[in-house]
Structure formats: C-alpha cells, structure tokens
Amino acid sequence: LYGHYRQTHQGSDTVTLSTGEPVKFDAVESRRTLLGIRWNQSINPSSNFFLGAAWGREYDGKVRASIYGNRLDTPKLQGDSTLVEAGFTLTPGPSHPLSLDFGIQGYAGKQEGVTGSFRLNYRF
C-alpha cells in the first residue's frame, strides 16, 4: 500500500503567439493525492514482476490565461483519476545496489492516457 501527496507551483509567464498576440498565463498551484496498492512477485533472484492500481485526486489546478487583458476559457484539472500499472525490475544480484525498472501505466478519468517508464536505481 502507498500514498503520495504532491504540491507543485508553476509561475506566471507571458508568451507571444506567431500571429503577434500576447498571451499571459497566471501562476498555477496544484495539490494532488494518490492512494494505491502494488503486488510484487519474484520470478527469480534477480527479477521481480509487479501489478498495481491507484486512485488519484487533483484538488486545485485551475489554469488562467488572457489575451490583451481578456480572459480565455480555461480548463479545470480538478477531479478523480484511476491508474493501473504493470512492470518488472531487474537486479544483478539480491544484495547488489543497482536495479533497472521498466513499467507501463494507464490512466482513466480526469487524467487519461498511457505512459511508459524506465528507471535506473542505485541504492547506497
């Protein structure tokens, strides 16, 4: 079982479109929680397979923008999402500090899509 809380901040910015219009983006605050479960199964002493599922919630995440001072319709990122994942871990040996993780994650709900991951871990 696991739980995460993440809070991020992205500052404001102004960009100019290729057509010359200035677009101003306000700062964005995001607060998220993620609660999940992951099942691990050893295949042999140097490899491990995992499956997982989680529920996530975005509590804020309003994006505001304007052109020439006129507010644009902006998306709200607030809402629930589910995550399913699968992958495997390879290590040179049971007590070796190096490992490689490969995984795939699928999202549904407010956040939708598929991602892949590759991680190289060294524990010291």
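This report describes the fold, strand pairing and selected residues of a predicted protein model.

## Overall architecture

The secondary structure of the protein chain consists of 10 strands and zero helices. Read from the N terminus, the order of elements is accordingly β-β-β-β-β-β-β-β-β-β.

The radius of gyration of the protein chain is 20 Å, whereas a compact globule of 124 residues would have a value near 14 Å. Along the principal axes, the C-alpha atoms occupy a box of roughly 60 × 25 × 25 Å. Of the 124 residues in the protein chain, 23% are buried. When contacts between residues at least 6 apart in sequence are considered, 45% of them join residues at least 24 apart.

## Surface and charge

The exposed area of the protein chain is about 8,800 Å², and 57% of this area is supplied by carbon and sulfur atoms. The protein chain carries 13 positive and 11 negative charges, and the mean positions of these two groups lie 5 Å apart.

## The four-stranded open sheet

Four strands form an open sheet in the order 2-3-6-7, and their pairing is antiparallel. Strand 2 (13–16) and strand 7 (70–71) are the edge strands; each has a single partner strand, so one side of each lacks a neighbour in the sheet. In general, the strands of a sheet pair through backbone hydrogen bonds, in either a parallel or an antiparallel manner.

Strand 3 (residues 22–25) runs antiparallel to strand 2 and is joined to it by four bridges. Two residue pairs illustrate this register: Thr16 is opposite Pro22 of strand 3, and Thr14 has Lys24 of strand 3 as its bridge partner. On the strand 6 side, three bridges connect strand 3 with strand 6 (residues 65–67), again in an antiparallel arrangement. Lys24 is placed opposite Ser66 of strand 6. Lys24 therefore takes part in both pairings, with Thr14 as its bridge partner and with Ser66 opposite it in strand 6.

## The turn between strands 2 and 3

Strands 2 and 3 make up a hairpin with five residues between them, and in this turn Gly20 has a positive phi of about 100°. The loop between strand 2 and strand 3 also contains Thr19. With a relative accessibility of 60%, Thr19 is classed as exposed, because the threshold for exposure is over 50%. Thr19 and Thr74 are 55 residues apart along the chain, and their C-alpha atoms are separated by 20 Å.

## Ser66 in strand 6

Ser66 belongs to strand 6. Its relative accessible area is 10%, and Ser66 is therefore counted as buried, the limit being under 20%. Leaving aside residues up to four places away in sequence, Ser66 touches Pro22, Val23, Lys24, Arg71 and Leu72. Among these contacts is Lys24, the residue that stands opposite Ser66 in the pairing of strand 3 with strand 6.

## Strands 8, 9 and 10

The pairing of strand 8 (residues 79–90) with strand 9 (residues 98–109) is antiparallel and comprises 10 bridges. Within this pairing, Phe88 has Phe102 of strand 9 as its bridge partner.

Strand 9 is also joined to strand 10 (residues 113–122) by 10 bridges, and these two strands run antiparallel. Gln105 has Thr115 of strand 10 as its bridge partner. Strands 9 and 10 form a hairpin, with three residues between them.

## Gly3 in strand 1

Gly3 is located in strand 1 (residues 2–10). With a relative accessible area of 53%, Gly3 is exposed. Apart from residues up to four places away in sequence, Gly3 touches Leu34 and Leu35. Gly3 and Ala54 are separated by 51 residues in sequence, and the distance between their C-alpha atoms is 9.1 Å.

Terms used. Residues numbered from 1 in each chain as written. Predicted model: local features only at pLDDT ≥ 70, side-chain atom pairs only at ≥ 80, totals over all residues. Heavy atoms only, no water. Rg over C-alpha atoms; globule rule 2.2 N^0.38 Å. Buried < 20%, exposed > 50% of the residue type's maximum accessible area, 1.4 Å probe, protein only. Contact = heavy atoms within 4.5 Å. Areas by Shrake-Rupley, 256 points an atom, 1.4 Å probe, with all protein chains shown as cover. Lys, Arg positive; Asp, Glu negative; His and termini not counted. Charge placed at Lys NZ, Arg CZ, Asp CG, Glu CD.
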